[in-house]
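Colleague: Could you take me closely through one part of this model, the salt bridges, and tell me where the paired side chains sit and how accessible they are?

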Amino acid sequence: MQQALVTLNEKATHELIGSLRESCADCSEFEKARRVARLALGAEPFGSTNQETRIGFWFPGREALLKQGAELELEVFLPPDSFRFQDLKPDQAHTIEFTRYRLPMVGFDEYLVGVYSGLPVGSRDKAGALYCLRYVSPDGNEFRVRDPLASSTPLGVFAPPEVYDMAAMLAGRSDGEFFTDWARERYPDGSYRARDIGSTLEIHVGTATAEGTVAALTRRYQDLAGRMRANQTAGLDLYAGMDAAERALLGYDSVELMPEVPQAERSMRDFGEFFVVTAEGPATRGGERLAEGPATVQVSLRKPDLKGWGYDVVLYGTAAINPGMLETGRPDEFLELIETLHTMPGKPIQVALDSVLGHADFQGAELLRTFDMDSPELLKYRHSRYLAGPNMYGRDVRYGDPTVRAILLEMYHRKNNYGIDAIRVDGGQDFVQDIDELTGLKIQDDEFLNAMSTEVQHVAGIARRLDINIEDGRPWPDDLNWIYNSTYLCHVWERNLPFGDHTKQWSPLIFAHNVHAKFKWFYTKWDRFKDVFKEGADWITGNSTHDNARYLYRMTATTPSSNYIPGAPLEQYYNNDLGSELSEVAYRALNNPALTALNLGFFPGSPMFFYNSTVGTPWLFFRDLGDFYDTKIVADEAAPFLVWYVPESMYALPQHFRRCKELGFQTRASLVATPGSNDKPAFLDELNRLTSLIKTDAQIFLYLYDSPSGAGGYADRSELEAALARLRKPQSGADEQRRAVLDRRIAADSFESDRKLGYCLAMIPTAREHLAADRRELPAKDQPELIRQEEKLGLLAELAEQGDGTALRLLLEGAAAVDDYDISSWASDKGLLRATPPQMQELSAEGLRSFARAFQLDAAEICNVVHHTGAMSPDFAEFALQLRLFRQANPWLADNPSNDIHYDFFNRNVVTNGARHLGGWSDKGDIINANTLYYGWRSSPDKARQILVIANMEGRPLRRYSLRFLLPVDAVWHRVLVSPGMADRAPDIIDRTTVLKDFRGGEVLLYERYL
């Protein structure tokens, strides 16, 4: 069938613009942007018959650029009727002939819109037209502007997105009854409230199945659903015949998918690596060239095959699905997963998404660049109307711009309309409105977070409000003591939700830095556990998330607690009672039966568990980009990851780390030395050393005045003065080049420069006081060096007093550049060269990047659950499943307890074996050899039933443990659940006379009684 010509329907376009102008006449700038985003931006079928398509872009500075001679037009690529995205293969290039049109768009204000006839619209079985905005700048350079509100990006974020009929797809959904039947309540305005997220399984789609796709995960759940229905028909237990890894997927109230949005890519050239124009010419029909202006374009297509942990988001395409996760390239694939989970037998499973609008990968600046103020600098500094300065994840988002704000909320709204049930807002503290001038602290954009929290979903013909969960540890990272200064309740207090509803917030026991493998962790965290018991109803609790699994290897020491030296800080050790190998310690820490029972069987709140952790799968911050920062990421992460998660026996298996072995790293020992051994530093140890040299603000400041034997870079004041003189008035070509580099760094990121300068000015008087104290207290042999430091510091103080910020900025930026991230210099480091295998002796910057990519791909493979399901404990899997079912049967556990001691009580008991009464008063307990036990009871709302928990959180086995001083007088309790291995040791009935024998660390008892 021949394609119809594509034309602009000028009448419909001008009617659309007129309608928008009329409806926005009395609106604020933000209200206008929201209406335009909702009604005109993106690409959607238009009109009652859907025979036309409406496409709209925001292009700031449009009118000024056109006056300067710029060109702006819509560019569309029409695939042949026989083409299907489902047929693309990731490892095979397909040459497809597209018909390309370049068509006018109609402008109003900073927007461009058009209503077009003849555009094919995508569906499950049909490929739609691809589109973008073509911009030729006044100086003749050609760019493509992508659509941030694209609903389908089957060829990645840099390729043109697809026109897709989302409305038709969603109208045909099969789970429509779920949204009213499974609601928490119906509000007075007629809207429904989704049920609370409840107990949740966090799933990373890319590593949850062998295929790593949404379709494969759907098939997995469909298979489980089929077997459950068969069990129901046969009168068997719902989960009969299922193995440990299958049971680990079931019994949850919700599944939360880690970011499913489009990710950063390997190539940013032209249309990226998955859509490459190889040839073009005039279009013909019947052998004759068409006069209307279309062209024939040969395009090489490949299915996106990127691997990533999920958080390298680019903002662009947030309303779409990451094509690397889609087996078919069709958005329907994601909808089918939602439908499958919503219709599971026994009990529906809700779907939560992890919304990442608080930060963006640096590539977002390329996708969303601001062409009227463009800069050739690195992506880190590229000007974007959507993005602000760099942060610890990439770039901050520019929420202050009303149109940016409106488009972000519209992205969020369109994704919600898939019919999801809950939203986790990633990094609530990163939604920054401004910086306080007096304190330098971030001012969070609570208005935007409130707008996210109150956004109404439209699904299956109803309006619906979702369960909102915000991860936020403010004042983190601005405050040194944020772990305890944070209330973890600011959003619960401050979000103004309709009808008295609450947001939820991440608890102090699930926030990133809680690492259960640390020695005496449960002893030191008791106060936070008490907080969860008292006020945890609005908290996300649980054992693990992707962050807990990652921070375990980043923040847990590798010295075993059996080597404890009296007086040493506890955090310098890990709890070696958990296992003999570090990988075993990690698994047992994240799957501690006692902690699992507390979170599911006793505490209020909504407990969360990470699928990879429950199965015992290694977990790494991995991403297959091969870009500028990949080597640094591997340098930061890879060594501790291997040490904690990958024992030599796992590395040695032929299917693991194939690429690294081809580069010469045949054993784990060639990559990383065993902690505590006398082995020489291996390759990744040396990389980790190099990245550790990159300076903090404090180290930058010390470099200017400290001794060269410490962190300093200058012997005395004269050396510092000479360096400054060369920066002020370069004496050679090398000086001029260095000055130019520093000027660019300062200009490219003024916020970073201001921060460094502010730190320096604040620290000068403090440093002088410290040096004065050292002069008084240190011996004569140290005095000459202290005088030299005072003199250097005096020069910095003089520059500050003179207001010479330029000189100070140059010195600070110069200090920062020393040992900065420079893989060309890393490649010539002697320590790294010594650890390099013969196959890589010609080490170079490109060689390091190639190694980084090889390691990232190998790590992505070993993090896949399919390799590790056989290692999961069947007993623990069954125990955890029964706890989830117990919580579902007792939904009141999610609410806060009364904290009336007779009905609700929680306490800690720190005990040792063989304690004896010695007479007299004493409070000299042996914390190091003691066990930490948590115990308490909770009452049902009708006060008719109580649940008792007794948990040995950590420590060696207690030979005899009396319950005499734990339980109320005359209370008799009956067994409900006990941890694996306790079935023969735990009595069916306990009271104050009970003595538990051989009560081990990590074991737990759950009992009940009727009042």
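Modeller: What follows is a walk through the salt bridges, pair by pair, with a short look at a sheet at the end.

Please keep in mind throughout that this is a predicted model. The structure holds 84 salt bridges, and I will describe three pairs and one network among them. As background, side chains of opposite charge can pair when their charged atoms come close.

I would begin with K32 and D109, which form a salt bridge whose closest N and O atoms are 2.2 Å apart. K32 belongs to helix 2 (residues 29-39), whereas D109 sits in the loop between strand 6 (106-108) and strand 7 (111-117), so that the pair links distant parts of the chain, 77 residues apart. K32 has a relative accessibility of 23% and counts as partly exposed, and D109, at 28%, counts as partly exposed too.

The pair formed by E162 and R330 has a buried setting: their side chains meet in a salt bridge at 2.6 Å, N to O, with E162 buried at 1% relative accessibility and R330 buried with a relative accessible area of 1%. Because E162 lies in the loop between strand 9 (142-145) and helix 4 (166-171), and R330 in the loop between strand 17 (295-301) and helix 9 (332-342), the pair ties together parts that are 168 residues apart in sequence.

In the third pair, the side chains of D446 and R495 meet in a salt bridge at 3.6 Å, N to O. D446 is in helix 12 (residues 446-454) and R495 in the loop between helix 14 (490-494) and strand 28 (504-506), so this pair ties together parts that are 49 residues apart in sequence. Here D446 counts as partly exposed, at 21% relative accessibility, while R495, at 8%, counts as buried.

Salt bridges also link E73, E75, R100, R102, R134, E142, R144 and E280 in a network.

Turning to the sheet, six strands form an open, antiparallel arrangement in the order 31-32-33-38-35-36. Strand 31 (905-911) and strand 36 (989-990) stand at its edges, each with a single partner strand, so one side of each is left without a neighbour in the sheet. Strand 35 (residues 973-978) is joined to strand 36 by two bridges, and I989 in strand 36 is the bridge partner of H974. Helix 16 (residues 526-535) packs on this sheet, where it touches strand 31 and strand 32 (931-939), and its direction makes about 160 degrees with that of strand 31.

Notes
Residues are numbered from 1 along each chain as its sequence is written. This is a predicted model: local features need pLDDT of at least 70, side-chain atom pairs count only at pLDDT 80 or more; totals for chains, interfaces and linings use all residues. Side-chain values use heavy atoms; hydrogens and water are left out. Two strands pair if DSSP finds at least two bridges between them. Helices (H or I, at least four residues) and strands (E, at least two) are DSSP runs, numbered from the N terminus. Contact means heavy atoms within 4.5 Å. Axes are lines fitted to C-alpha atoms, for helices over the stretch in contact, and angles run from 0 to 180 degrees between N-to-C directions. A salt bridge is a side-chain nitrogen of Lys or Arg within 4 Å of a carboxyl oxygen of Asp or Glu. Buried means under 20% relative accessible area, exposed over 50%, partly exposed in between (1.4 Å probe, protein chains only).
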